[in-house]
Structure formats: structure tokens, C-alpha cells
Amino acid sequence: MQMRELALFAGLAGLGLALVSRPAKALVKDGVQLDGLEPEMVPAVHVANSVALELSGEPTTITSGLEGEHGEGSLHFEGLAVDVRRLDRHVDQFGGVHFIDLALAERQARAIRAALPSDFDVVLEATHVHIEFDPPHA
Ligand SMILES: [Zn+2]
């Protein structure tokens with residue numbers, strides 16, 4: 001292996017295997033706090049992103065983490081829930097936000113649920129898909 005190839009190889013290896021299985025990184029909406037997210041949620045983000053790429057060709061957008069307004073006792077505040085943008089979200093020319101394809105959003109939520117262990121709950125909401133890690137209590 002020549003020096004240039006070696007450098008390239010080392011560079012690619014340094015980028016990590018994540019790039020191989022995840023060609024585009026998940027996007028994060030401005031103001032979303034992911035600091036404090038528990039490691040259990042990493043596969044949830046990974047799966048949500050893979051599903052978005054498969055169904056829309058675009059990475060997922062995380063629209064909520066630990067910040068924001070959620071019900072009292074929400075797992076968001078414990079770093080055990082994220083919201084991701086519905087794939088059918090459409091912004092019109094006046095900036096109005098519409099959700100235009102319920103079947104697509106249902107496919108999105110179903111695919112995320114199917115790819116995660118049963119310890120995760122996936123809920124299709126009016127504006128997003130909520131994913132939380134909520135194993136049964138022993
Ligand atoms: Zn949520």
C-alpha cells in the first residue's frame with residue numbers, strides 16, 4: 001500500500017463505521033437540547049434516520065430532546081425521549097406548515113417501531129413522531 005493510499009485509508013477509518021451505515025447524519029432543529037440524552041436513545045435516533053432516508057431520501061430532523069413543553073413526568077425530561085419530524089411536513093409559500101400525507105407518516109412511525117426493541121414506544125403525533133425508551137418496570 002502506498003503512502004497516499006495508506007493516508008486515505010486511515011482517514012476513512014477515522015471517520016468511523018457510522019458513515020458506512022448512516023450516509024447522512026440526523027439533523028437537529030435549532031434550540032433542541034440533546035445534552036443529557038441517555039445512551040439508550042442512540043439506536044432510536046439511528047433507526048429514525050435510517051427510516052427517513054429510506055422513505056424520503058432525506059435525513060431525519062430531531063425536533064425535541066430534553067427542552068420544550070411536554071407533559072409532566074415526560075420521559076423527555078429524563079433524556080429518554082426524542083421527537084422527530086413527520087416526513088409529510090410541508091411548508092407552503094407563505095410559511096404555513098401542513099401535514100399532507102398521513103399514510104406516509106403512519107408508514108414512518110410503523111417502520112421505526114418495527115426496527116426498535118419492544119422497550120421503545122413510538123407514537124405518531126399531530127406534528128411529529130414521539131419515540132421513548134420505556135421498559136416495563138420490574
Ligand atoms: Zn415527544
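## Close-up views of a predicted protein chain

Of the 138 residues in the protein chain, 27% count as buried. Keep in mind that this is a predicted model, so to speak a computed picture to explore view by view.

**View 1. The whole chain, with four helices and seven strands**. Following the sequence from its start, you meet the elements in the pattern α-α-β-α-β-β-β-β-α-β-β. For contacts in the protein chain with a separation of 6 or more, 55% come from residues 24 or more positions apart.

**View 2. An open sheet of five strands**. The strands line up in the order β1-β2-β3-β7-β6, and their pairing is mixed. At the edges sit β1 (27-28) and β6 (120-124), each of which pairs on one side only.

**View 3. The pairing of β1 with β2**. Let us zoom in on one edge of the sheet, where β1 lies. Its partner is β2 (residues 61-64), and the two strands pair in the parallel sense over two bridges. Look for Leu-27, which stands opposite Thr-61 in β2.

**View 4. Helix α4 across β6 and β7**. At the other edge strand, β6, a helix comes into the picture. Helix α4 covers residues 102-115 and lies across both β6 and β7 (128-133). Relative to β6, the helix runs at about 180°.

**View 5. The largest nonpolar core, with 23 residues**. Which members touch the most others? They are Met-41, Ala-44, Ala-48, Val-82, Ile-112 and Ile-131. At least two residues of this core come from each of α3 (42-56), β3 (81-85), α4, β6 and β7. The element that gives the most is α3, with six residues.

**View 6. The surroundings of Met-41**. Met-41 is one of the core residues that touch the most other members. Leaving aside residues up to four places away in sequence, Met-41 touches Gly-79, Leu-80, Val-82 and Phe-133. Among them, Val-82 also appears in the list of core members with the most contacts to other members.

**View 7. Leu-102 in helix α4**. Is this leucine buried or exposed? Leu-102 has 11 other C-beta atoms within 10 Å, and a residue with 12 or fewer counts as exposed, so Leu-102 is exposed. For a distance to check in your own viewer, try Arg-89: its C-alpha atom and that of Leu-102 are separated by 9.7 Å. Along the chain, these two residues are 13 residues apart.

Notes: Residues are numbered from 1 along each chain as its sequence is written. This is a predicted model: local features need pLDDT of at least 70, side-chain atom pairs count only at pLDDT 80 or more; totals for chains, interfaces and linings use all residues. Two strands pair if DSSP finds at least two bridges between them. Two residues are in contact if their C-beta atoms, placed from the backbone, lie within 7 Å. Axes are lines fitted to C-alpha atoms, for helices over the stretch in contact, and angles run from 0 to 180 degrees between N-to-C directions. A residue is buried if 20 or more other C-beta atoms lie within 10 Å of its own, exposed if 12 or fewer, and partly exposed in between; C-beta atoms are placed from the backbone. A nonpolar core is a set of buried Ala, Val, Leu, Ile, Met, Phe, Trp, Tyr and Cys residues joined through C-beta atoms within 7 Å.
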